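Let's take a walk through a protein fold, one piece at a time. Have the sequence and the 3D view open, and find each residue as we come to it.

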Amino acid sequence: MSIQVTRSAWSKMKDIIQKSNHRYGFLYSCSSGGCNGFNFELDLLDKGYYEKINKEQFLTVLTNGNDKLYIDPLSEM
């Protein structure tokens, strides 16, 4: 797997999740644009989007305890 999350990043994501109303984790994705051809995005999941992606087959979900990082299947390539 080419996506790795450092211990420090997990800690920061955990802090953000605890301080927000979005307790469902994060979604990592990318889109075309930017200097290298891609824009990378890390967004908190709200309940509606969390329920939507749980119905779909996500290729990768990284976990650290109860914290989750969903990898958009198209962006994983």
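We'll begin with the core, then turn to a helix, the strands and some aromatic rings. Keep in mind that this is a predicted model.

Start on the inside. In soluble globular proteins, nonpolar side chains tend to be buried together. Here the largest nonpolar core has nine residues: Ile3, Trp10, Met13, Ile17, Phe26, Tyr28, Leu62, Leu69 and Ile71. Helix H1 (7-19), strand E1 (26-32) and strand E4 (67-71) are the elements that each give two or more residues to this core. H1 supplies the largest share, with three residues.

So what does H1 look like? This helix has 13 residues, and from its first C-alpha to its last it reaches 19 Å, close to the 18 Å expected at 1.5 Å a residue. Which of its residues are buried? They are Trp10, Met13 and Ile17. These three cover an arc of only 65 degrees around the axis, which puts them on the same side of H1. Now turn the helix around: the face pointing away from the buried side carries the exposed residues Ser8, Lys12 and Lys19. And what do the buried residues pack against? Their partners are E1, strand E2 (38-44), strand E3 (60-64) and E4.

Next, look at E4. Four of its five residues are buried, so this strand is mostly covered. E4 runs parallel to E1, and three bridges join the two. You can spot Phe26 standing opposite Leu69 of E4. E3 pairs with E4 too, but here the strands run antiparallel and five bridges join them. In this pairing, Thr63 stands opposite Lys68 of E4. E3 and E4 form a hairpin with two residues between them, and Gly65 in the turn has a positive phi of about 70 degrees.

Stay with Leu69 for a moment, one of the core residues. Which residues does Leu69 touch, if we skip its neighbours within four places in sequence? The list is Val5, Trp10, Phe26, Leu27, Tyr28, Leu42, Thr60, Val61 and Leu62. Among them, Trp10, Phe26, Tyr28 and Leu62 are also members of the core.

Now for the rings. The count comes to four aromatic pairs. One of them is Phe38 with Phe40: the centres are 6.2 Å apart and the planes meet at 40 degrees, which makes the pair tilted. Phe38 is partly exposed, with a relative accessible area of 44%.

Compare that with Tyr50 and Tyr70. Their ring centres also lie 6.2 Å apart, but their planes are at 75 degrees, so this pair is edge-to-face. Tyr50 sits in helix H2 (residues 47-55) and Tyr70 in strand E4, so the pair ties together parts that are 20 residues apart in sequence. Are the two tyrosines buried or exposed? Tyr50 is partly exposed, at 21% relative accessible area, while Tyr70 is buried, at 4%. The cut-off for buried is under 20%, so Tyr50 just misses it. Ring pairs also bring in Tyr24, linking Tyr24, Tyr50 and Tyr70 into a cluster.

One last stop in H2 is Ile53. Its relative accessibility is 2%, so Ile53 counts as buried. Along the chain, Ile53 and Tyr70 are 17 residues apart, and their C-alpha atoms are separated by 8.9 Å.

Definitions and conventions:
Residues numbered from 1 in each chain as written. Predicted model: local features only at pLDDT ≥ 70, side-chain atom pairs only at ≥ 80, totals over all residues. Heavy atoms only, no water. Core = buried A, V, L, I, M, F, W, Y, C linked by side-chain atoms within 4.5 Å. Buried < 20%, exposed > 50% of the residue type's maximum accessible area, 1.4 Å probe, protein only. Contact = heavy atoms within 4.5 Å. Expected span 1.5 Å × (residues − 1). Arc of directions from axis to C-beta. Pairing = 2+ DSSP bridges. Phe/Tyr/Trp six-rings, centres within 6.5 Å; stacked < 30°, edge-to-face > 60°.
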